[in-house]
Amino acid sequence: QLEGETVVVLPVGAVAQSDGSLPSDSLASALALRAGEALATGLETGGAAGRTVRPVVAIVELGSLSADQVRALYDPLTPALLDGPSAGQIPGGTAAGWRGVTDRTGQRYFLLPKSLSIARLEPLRVRATFDAWLVDGVSATVLWHAFVGAVNEHAPSGAAADVYAAALDDAVAAAVSTLSARLERLARTGTDDFGAVGP
């Protein structure tokens, strides 16, 4: 039932490096914004699910929510939520929060890149991995969850002003392409048989 629907792409919740360190606040914020915009654009051009609402639009529509309220939407999304008899059902007050978000946006389906993890494999080879969650806001249910990652295919040329930043952008673009392809298949067939990719 996802094919042809609008999917709202929410902002990247957090950015971390595989060694446990965190990029500077300014770098993390800039990378989260670029990655979120790339993800929205990739889903839109990749035809994953009709069209997407860019993160900046979603932020405006959710602007009356506090940072804590937005964080509360992300916090329950853990592997434990997918276990047990009510697997995927978002609990209690957070479920009400999700129904409020559907009212604000006028949309039902939301892609949450809960985090973006960066692993530097070699000086100019980088793996970018999204912790991606697809949520039905009306029923407050997780429809799909996967870690989706990719490595930049080629090291950037030495002509780039900042070759590491270029490698990072290429890795994020590759991860976006992979995630878009998986969601397109999910929307079209109702299954995702690629298997989850670990971070």
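A residue counts as exposed when its relative accessible area is over 50%, as buried when that area is under 20%, and as partly exposed in between. By this rule Gly 92, with a relative accessible area of 56%, is exposed. The model described here is a predicted one, and the same three words return throughout the tour of the chain that follows.

The chain holds five helices and six strands. Read from the N terminus, the order of these elements is β-β-α-β-α-α-α-β-β-β-α. Of its 199 residues, 42% count as buried.

A good place to begin is the largest pocket. Rolling a probe the size of a water molecule over the atoms shows where empty space is left. In this model the largest pocket encloses about 680 Å³ of space. Its lining is made up of 27 residues, and those that lie nearest the centre of the pocket are Pro 11, Val 12, Gly 13, Val 70 and Tyr 74. Three helices, α1 (25-46), α2 (55-61) and α3 (67-74), each give at least two residues to this lining. The largest share belongs to α1, which provides seven residues. Sorted by character, the lining consists of 17 nonpolar, five polar and five charged residues.

Helix α1 also contains Glu 37. With a relative accessibility of 24%, Glu 37 falls between the limits of 20% and 50% and therefore counts as partly exposed. Glu 37 and Pro 55 are 18 residues apart along the chain, and 6.2 Å separates their C-alpha atoms. Another partly exposed residue is Gln 17, at 26% relative accessibility. Gln 17 is found in strand β2, which covers residues 15-17. From Gln 17 to Ala 28 the sequence separation is eleven residues, and the C-alpha to C-alpha distance is 10.0 Å.

Attention now turns to the aromatic rings. A pair of aromatic rings is described by the distance of the centres and the angle of the planes. A search of the whole structure finds one such pair. It is formed by Trp 98 and Phe 110, whose ring centres are 5.3 Å apart and whose planes meet at 55 degrees, a tilted arrangement. The pair links distant parts of the chain, with Trp 98 in helix α4 (residues 92-105) and Phe 110 in strand β4 (residues 109-122), twelve residues apart. Trp 98 is buried, as its relative accessible area is 0%. Phe 110 likewise has a relative accessibility of 0% and counts as buried. A ring is also involved in another kind of contact: the charged end of Arg 120 sits over the ring of Tyr 164, at 3.9 Å from the ring centre.

Helix α4 brings the account back to Gly 92, the exposed residue of the opening, which has its place in this helix. Gly 92 is 48 residues from Ala 140 in sequence, while the C-alpha atoms of the two are 9.6 Å apart in space. Ala 140 itself belongs to the loop between β5 (125-136) and β6. Unlike Gly 92, which is exposed at 56%, Ala 140 is buried, with a relative accessible area of 0%. The backbone of Ala 140 also deserves a look. Most residues other than glycine have a negative phi, and most peptide bonds are trans. Ala 140 is not a glycine, yet its phi is positive, at about 50 degrees.

The loop between α4 and β4 contains Gly 106. At a relative accessible area of 57%, Gly 106 is above the limit of 50% and so is exposed. Gly 106 and Glu 61 are 45 residues apart in sequence, with 9.7 Å between their C-alpha atoms.

The last stop is Asn 152, in the loop between β6 (141-151) and α5 (163-189). Asn 152 has a relative accessibility of 0%, which is under 20%, so this loop residue counts as buried. Its side chain makes contact with backbone atoms of other residues. The side chain of Asn 152 reaches the backbone nitrogen of Val 126 at 2.7 Å. A polar atom of the Asn 152 side chain also lies 3.3 Å from the backbone oxygen of His 154.

Definitions and conventions. Residues are numbered from 1 along each chain as its sequence is written. This is a predicted model: local features need pLDDT of at least 70, side-chain atom pairs count only at pLDDT 80 or more; totals for chains, interfaces and linings use all residues. Side-chain values use heavy atoms; hydrogens and water are left out. On a 1 Å grid over the protein atoms alone, a cavity is a set of points where a 1.4 Å probe fits but cannot get out, and a pocket is an open set with protein on both sides within 12 Å along at least five of seven lines; lining residues have an atom within 4 Å of a point. Grid points are joined across faces, edges and corners, and a volume is the space filled by probe spheres set on the points. Helices (H or I, at least four residues) and strands (E, at least two) are DSSP runs, numbered from the N terminus. Ala, Val, Leu, Ile, Met, Phe, Trp, Tyr, Cys and Pro count as nonpolar, Asp, Glu, Lys and Arg as charged, and the others, Gly among them, as polar. Rings of Phe, Tyr and Trp (its six-membered ring) pair if their centres lie within 6.5 Å; planes under 30 degrees apart count as stacked, over 60 as edge-to-face and the rest as tilted. Buried means under 20% relative accessible area, exposed over 50%, partly exposed in between (1.4 Å probe, protein chains only). A charge sits over a ring if NZ of Lys or CZ of Arg is within 6 Å of the ring centre and within 35 degrees of the ring normal. A polar contact is a pair of N or O atoms within 3.5 Å; within protein, one must be able to donate a hydrogen and the other to accept it, and residues adjacent in sequence count only if both atoms are side-chain atoms.
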